[in-house]
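User: I am in my first year and would like to learn how the words used for a protein model are justified. Could we go through one together, term by term?

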Amino acid sequence: MQKILVARPIFPDVIERLKQYFDVDWNQGEVMPADELTRRLADKDGALTAGDPVGAAALAAAPRLRVVSNMAVGYNNFDMAAFNASNVLGTNTPDVLNESTADFGWALMMAAARRLAESEHWLRAGKWQKWAYDGFLGSDLYGSTLGVVGMGRIGQALARRAKGFNMQVIYHNRSRVALEIEAELNAEYVSKQDLLRRADHVVLVLPYTKENHHTIGAAELALMKPSATLTNIARGGIVDDAALVEALRSKRIAAAGLDVFEGEPKLNPDLLTVPNIVLTPHIASATEATRRAMANLAADNLIAALGEGPRAGRPPNPINPDVIGKARS
Ligand code: 8YV
């Protein structure tokens, strides 16, 4: 039997599925430090990760390893140059999380715009004595301009929901999306600068790459309207969190919603001192149905990539399909 490592606690029934095909080493404890991950990968043929960094050193120490299946659509935890150089396949879990993640983007954006978290903390603290005409004034979503940075599958799902709010949709992306999609979403392609100047609500849905590091920093925040909100459901590091704290403190922008953070699960402690922000612990895809679908898709990818099951040799979501069938190097 081939050997696999499941690097994180996941649904036990998915582990049972994997056990039908593999000898499974399952980490049910804390997140493994890099050296432990490397050590436990050393004798494995495949692995299932969820955001765990896998780079050249781990691959070199695991000569039998042929596939690493990430239970996430984002795979910035994989050093893909090292995967390609070693002929190791990486897989991810796109699509199954689009709608849950788009829903959550709206939840955060609405919470930021209408000061949901801030007012709830105030109420819980026993501070509510009387109605006030100017209590927790926020900004409208209905009829406003939505700016989507990153018009991939999740960005499109998010933009599609804007119709019911009668919003104007503007977007920025590496490249323009197909005209039919623009027409369906009634979305206008604009430069990043124009988007930041014009949008009432900016949502970030782009993948993390070196080039996207601090896509939103002090200079970009300075372009935004003072009444605008910023929501990040993409990756930590896309926003310069220190610059965002400064912009929120000085009311350079009105509010923010963050589900992802630089260096998470540790946060820039200053974020916790700013009232006009909603903070959630990377849960945009976290519905029961979606997390189950992601875990099962990650298992499907692993089973197929290791030549087992009904799709043997044809994993549904290869990131670097060119390495399929090539010998490990
Ligand atoms: C994952 C995510 O739950 O899919 C992604 O890229 O950010 C989340 O849905 C998280 O990355 C853990 O793997």
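What follows is a conversation about the terms used for this structure, which is a predicted model.

User: What makes strand 2 and strand 5 edge strands in the open sheet of 5 strands?

Analyst: The order of that sheet is 2-1-3-4-5, with parallel pairing. Strand 2 (22-26) and strand 5 (89-91) each have a single partner strand, so one side of each is left without a neighbour in the sheet. From one strand to the next, the twist averages 20°.

User: How do you know that strand 3 and strand 4 count as a pair?

Analyst: Pairing asks for at least two bridges between two strands, and 4 bridges join strand 3 (residues 46-49) to strand 4 (residues 67-70). That count meets the requirement, so the two strands are called paired, and they run parallel. Within this pair, A47 has V68 of strand 4 as its bridge partner. Strand 3 also pairs with strand 1 in the parallel sense, over 3 bridges, and there V6 has L48 of strand 3 as its bridge partner.

User: Which residues of strand 3 point one way, and which point the other way?

Analyst: G46 and L48 point one way, while A47 and T49 point the other way, and all of them are buried. This can be set beside a general rule, which is that in a regular strand the side chains alternate between the two faces of the sheet.

User: Which helices lie on this sheet, and at what angles?

Analyst: Helix 2 (residues 34-41) lies across strand 1 (2-6), strand 2 and strand 3, and runs at about 165° to strand 1. Helix 12 (residues 288-305) packs on the sheet as well, where it touches strand 1, strand 2, strand 3, strand 4 and strand 5, and its direction makes about 170° with that of strand 4. Angles over 145 degrees count as roughly antiparallel, so both of these directions fall under that term.

User: Why are the buried residues of helix 2 said to be on the same side of the helix?

Analyst: The buried residues in question are L37, R40 and L41. They cover an arc of only 100° around the axis, which puts them on the same side of helix 2. The buried residues of helix 2 pack against strand 1, strand 2, strand 3 and helix 3 (56-60), whereas the face turned away from the buried side carries the exposed residues D35 and R39.

User: Why are helix 1 and helix 12 called roughly parallel?

Analyst: The axes of helix 1 (residues 12-19) and helix 12 come within 10 Å and cross at roughly 15°. Angles under 35 degrees count as roughly parallel, and the crossing angle lies under that limit, so the term applies to helix 1 and helix 12. On the side of helix 1 the contact is made by D13, V14, R17 and L18, and on the side of helix 12 by R292, A295, N296, A299, D300, L302 and I303. Helix 1 passes helix 12 in a right-handed crossing.

User: Where is S285 found, and what makes it buried or exposed?

Analyst: S285 is found in the loop between strand 12 and helix 12. Its relative accessible area is 10%, and buried means under 20%, so S285 is called buried. Leaving aside its neighbours within four places in sequence, S285 is in contact with L97, T101, T290, R291 and M294.

User: How many strands form the other open sheet, and which are its edge strands?

Analyst: That sheet is formed by 7 strands in the order 8-7-6-9-10-11-12, with parallel pairing. Strand 8 (187-189) and strand 12 (277-279) are the edge strands, since each pairs on one side only. The twist averages 15° from one strand to the next.

User: What makes strand 9 a strand with both faces covered?

Analyst: H201 and V203 on one side and V202 and L204 on the other are all buried, and in that sense both faces of strand 9 are covered. Strand 9 pairs with strand 6 in the parallel sense over 4 bridges, and V149 stands opposite L204 in strand 9. A further 4 bridges join strand 9 to strand 10, which run parallel, and here V203 stands opposite T231 in strand 10.

Terms used: Residues are numbered from 1 along each chain as its sequence is written. This is a predicted model: local features need pLDDT of at least 70, side-chain atom pairs count only at pLDDT 80 or more; totals for chains, interfaces and linings use all residues. Side-chain values use heavy atoms; hydrogens and water are left out. Axes are lines fitted to C-alpha atoms, for helices over the stretch in contact, and angles run from 0 to 180 degrees between N-to-C directions. Contact means heavy atoms within 4.5 Å. Buried means under 20% relative accessible area, exposed over 50%, partly exposed in between (1.4 Å probe, protein chains only). The arc is that of the directions from the helix axis to the C-beta atoms. Angles under 35 degrees count as roughly parallel, over 145 as roughly antiparallel, 65 to 115 as roughly perpendicular and the rest as oblique. A crossing is left-handed if the near helix is turned anticlockwise from the far one by less than a right angle, and right-handed if clockwise.
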